[in-house]
Structure formats: structure tokens, C-alpha cells
Amino acid sequence: MIKRVILLLAAAAALSYAGRAGMDIPIFEDSLSNGLKVIVVPKKDVAVVSCRLYYFVGGMNEGPGTSGLSHMYEHMMFKGTRRLGTHDYEKEVPYLTAIDSLDRLLQGARLRGGEEDTLYKAYRAEIAGLLERQRQYIKKDEIWELYQLNGGTALNAWTSSNMTAYIVTLPMNKVELFYWIEADRMQNPVLREFHSEQDVVTEERRMRYDNRPVNRYWERFNALFYTAHPFRQPVIGWESEIRGFTTDKMMRHINRFYTPDNAILVLVGNIDPKKAMEDVNRYFGGIPRAKVEQDPVVTREPPAIGETRFTVREDVEPRVDVLFQAPGYPHDDLYALDIIEGVLSGRSGRLYTRLVDKEQLCTGAGASNWVRQHNGYFHIYASLKKGTDPARVEKIIREEIEKLTKEAPTDREIARVSNSIRMSFASGLKSLEGISDQIAGHERLGSWRDMFEYPDKIAAVAKKSIPGIAAAYLKPDVATWGFIVPKTTEVKGKK
């Protein structure tokens, strides 16, 4: 039976609860016998449905040798199935089998002699020849075209550290197409054009990270901050590991994580929950659970024991970043850290006021509290004007942190921050897509019901507790400091 939960969202509840305005969001939740969770949010005032399938797998579920597999599979899911993306799957099979056999030899040659090895190049050429002949049976971009021809918009996919999502918004009378395509992709994936897509992902990595100094800096900075947790790995993967992907390795990853018992289907829009469950059961109900039980991520960050400093010299806009360890979700201190973020951030925040307006050293400054399943982080950043001494900026950041640890924010600051948090939270639930992502994100962290408690938990943070919480987490002498400076600039540090 469908369980109906109606929650009144206090979208405009200030810390004093003055001017509360309710937002009625009916949410229907159910699960299939194979573990697929389904959440339906009916909204009769629209003519479309936001259809989203989230798999609870991402960069944190990968390890040495497999970083980037989830992102790679995000690409491969659009290559089709035994029915989609092909003119004749049975005629493709001999090519797929031959390519898989050569793939094992290819990787052996790569490990022995690298990609300049003569044998490696010969195997690559042979695979390319087989793929070229296989392409006579491949229907290019059939999934994209099916969605678009049926009025699909916002068609996309993304991969994060803990989720992979496949999304489209369809007219209300075309939602069954989503069930048909996604159930087929869940049950019958085909890794066609694997090696050419491997090249695409490698090039994407080069364009987004290797050839962008700031992104390259941040990737290495993140890897320094996380000592143990797989959050230290880039979601897109390290290039050497992307190049080392095999179809065997990918299929093991798929069979373990891309299964109904590790997924959630979120439908928001003009849709009847009862009929939706009947249709979802018809398409997805026969798909089996994973045969191999998932190993939970048990790694947690050890406490920081010293300061880490990382300097990159590039002729781009200079910046200073500092990362502090923060607790994973759920933890009551996270709500106070959200308030601290607000006190420091924004044009009225302490960092911008001090570094940009008063001292005129920076073009921007702020903070972010990044909430994650296990070990989150609190981030303070500043973009420096040309010629600004980064040591001076670091000194001011330390001074502002110390102020937070000594004295509670003012009532005016608390009012500004609480209003901003409330408005941001409410605006995130105004669109169909926003509701979907909020539900899935909170479900991944613990439960989608938690998101409706957020305004009250922010309101419950005692102002007098903030200095102690700031002192507990914002410890500059055990933080990770990052600097991008011109090649001629010396970073002297706090002394």
C-alpha cells in the first residue's frame, strides 16, 4: 500500500517563528519487492513530470585503480542496451566479444610498456578496426532522440561523490517512456564503443582539470585534505586509472551498484501516485537485486594532527583557500556551522566586509559548509587582487576566525543569516527539479524527511553556542591551506 505523508513546510519560519507561511507538499513513498524505492510528488498545476533515477554510487565507492568508473558509466549508459542503440544486437555480439578479448591483451601491454609500446598500439588499431565494422549496427544517440522526439527537456546525467543521476522532464502523458528506457538500461546495458568513450572521458578530464590551473589546483588540494577517505579521489578519476578501465572492471561495478536495491526513483509533477506505482512495478519489478552484496564505505578521516600548506604558482587570479575538518551527517553541529558560513559569507559577511570593502585586498571572499555523509569540510576562500600579499590575507582570515571563537554573532547577523538560509531553502523547493534533488540528496544522507526539519534545526541553534563550535572546528593550525600565486610571489605564511 502506498504510504502518504503530507508535510507542512515552514518555508518562511524565522528564528522567532514570526511570519510563518506553510507550503503543503504531498509526498507518496513506496518500494518494490526488489528494493527499488519510489517517491512521487503530485503537482496538478503543471503539465509535465520531472523524472529522475538516482543510483547511490559515486566516487566514494571507488578505490585505487577504479577512480572515475561511476562517471565513465554515466557516459556508457547513453550507448544503449540490447534493444536500444542498435540495428541488430545479435550481429554486434561477435564484435563485442572480440573487442573484450583484445582489451585484456591491450591492458597487459599497457602495464608492461606504456601507451607508446608497439604491441599496445597494434591492439588499439585492431580494436579500432573492429569498432568501425561494428558501427554499421549501432544507432547513434537513440536514447537522446527518443526523449527529445517525445517532448523531453532538461535531459541530463551527472555523477557526484555519492550519487549518479539520470534525469529528464517529460509531458505528463509520456512518462511511461522513462520507465521503459530506464528499466531497460538498468537490466540490459551494453558497453558498446567503450574504448572510444574512454578517449572522450580522458579528453574531458584534460580539458576540465589538466588544462585549467584552478581546477587542477583544487583537485590536488582536495587530495591533500583527505588523508584516508575515498573523497580524496576525483569523481572524474585520475587519468592513468581512466586509461586502465576494462569492460570486465566496468561490468563488476555495474552488477554491484546499478541495481534496483541501490536506487531511488523520484517523480515530481502532474502524475497519479497509484498509477505510477502500478507502471513502475510493471517495468522495474522483475529486475533482480544485486547478486553481490555491497561493502559499505567504512573509512573515516583520522583527526588532523598538523597544518598542511600547498602552494601552486600560476599566472591566474591568485587565491587563498583553507579547509577545516567537519563532522559527517547527521551531527547537530552542522547547523551551527551553516550559521557560521552565513556570518562569514555574502556581501554583508565578515570576510567580504573586511577583505574586499575595508582592506581592499581581495575581489571576493566567503565560506561554505560542505555537508557530506562521512567527513565534511568547512571552506574559507579569498580571491586576491593583483599585488596583494597572501600572508596578509591569511593573517586577516585567522583574525576573523579568532573573533568568532571569542564572541557570539550579533542579533543583526543572526537575523540576516537566518533569513538568507530560509529563503535559499524555500527557493530550492519551488521547481520540480529542485524538489527531486532535495528529496534524493536527503535520502542519500539518511532520510528525505530530514529536509523538512532543517528550518527548525537552524532555528534551534543557540547563539551563545556558536563561539564554542567555531573553536572546535575552525582550527587554523591543523587546517589545510592552499595558495595560488604568481610565479614570482613568495608565500611567507602566518609569521
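Visitor: How are helix 5 and helix 10 oriented to each other?
Guide: This is a predicted model. The axes of helix 5 (residues 175-187) and helix 10 (residues 273-284) cross at roughly 30 degrees. Angles under 35 degrees count as roughly parallel. Helix 5 and helix 10 are therefore roughly parallel.

Visitor: Within what distance do the axes of helix 5 and helix 10 come?
Guide: Two packed helices are described by the angle between their axes and the distance between the axes. For helix 5 and helix 10, the axes come within 9 Å.

Visitor: Is the crossing of helix 5 and helix 10 left-handed or right-handed?
Guide: The contact involves residues of both helices. Helix 5 brings in Glu 176, Tyr 179, Trp 180, Glu 182, Ala 183 and Met 186. Helix 10 brings in Ala 276, Asp 279, Val 280, Arg 282, Tyr 283 and Phe 284. The crossing of helix 5 and helix 10 is right-handed.

Visitor: How many nonpolar residues does the contact of helix 5 with helix 10 have?
Guide: Four residues in the contact of helix 5 with helix 10 are charged, and no polar ones take part. The nonpolar residues number eight.

Visitor: What kind of aromatic pair do Tyr 55 and Tyr 166 form?
Guide: Tyr 55 lies in strand 4 (residues 48-55) and Tyr 166 in strand 6 (residues 164-171), 111 residues apart. Their rings are 6.2 Å apart, centre to centre, with 80 degrees between the planes. Planes over 60 degrees apart count as edge-to-face. The pair of Tyr 55 and Tyr 166 is edge-to-face.

Visitor: Is Tyr 55 buried or exposed?
Guide: Buried means under 20% relative accessible area. Tyr 55 has a relative accessible area of 0%, so Tyr 55 is buried.

Visitor: What kind of pair do the rings of Tyr 55 and Tyr 258 form?
Guide: Tyr 258 sits in the loop between helix 9 (247-257) and strand 7 (263-269), 203 residues from Tyr 55. The ring centres of Tyr 55 and Tyr 258 are 5.0 Å apart. Their planes are at 55 degrees, so the pair is tilted.

Visitor: Which residues form one aromatic cluster with Tyr 55?
Guide: Tyr 166 and Tyr 258 belong to the cluster. The full set beside Tyr 55 is Tyr 73, Phe 78, Trp 144, Tyr 166 and Tyr 258.

Visitor: Which residues does a cis peptide bond join?
Guide: Omega of the bond is about 0 degrees. Pro 330, in the loop between strand 9 (319-326) and helix 11 (333-344), is one partner. The bond joins Tyr 329 and Pro 330.

Technical notes. Residues numbered from 1 in each chain as written. Predicted model: local features only at pLDDT ≥ 70, side-chain atom pairs only at ≥ 80, totals over all residues. Heavy atoms only, no water. Axes fitted to C-alpha atoms, helices over the stretch in contact; angles between N-to-C directions. Helix = DSSP H or I, 4+ residues; strand = E, 2+ residues; numbered from the N terminus. Parallel < 35°, antiparallel > 145°, perpendicular 65-115°, else oblique. Left-handed = near helix turned anticlockwise from the far one by under 90°. Contact = heavy atoms within 4.5 Å. Nonpolar A, V, L, I, M, F, W, Y, C, P; charged D, E, K, R; others polar. Phe/Tyr/Trp six-rings, centres within 6.5 Å; stacked < 30°, edge-to-face > 60°. Buried < 20%, exposed > 50% of the residue type's maximum accessible area, 1.4 Å probe, protein only.
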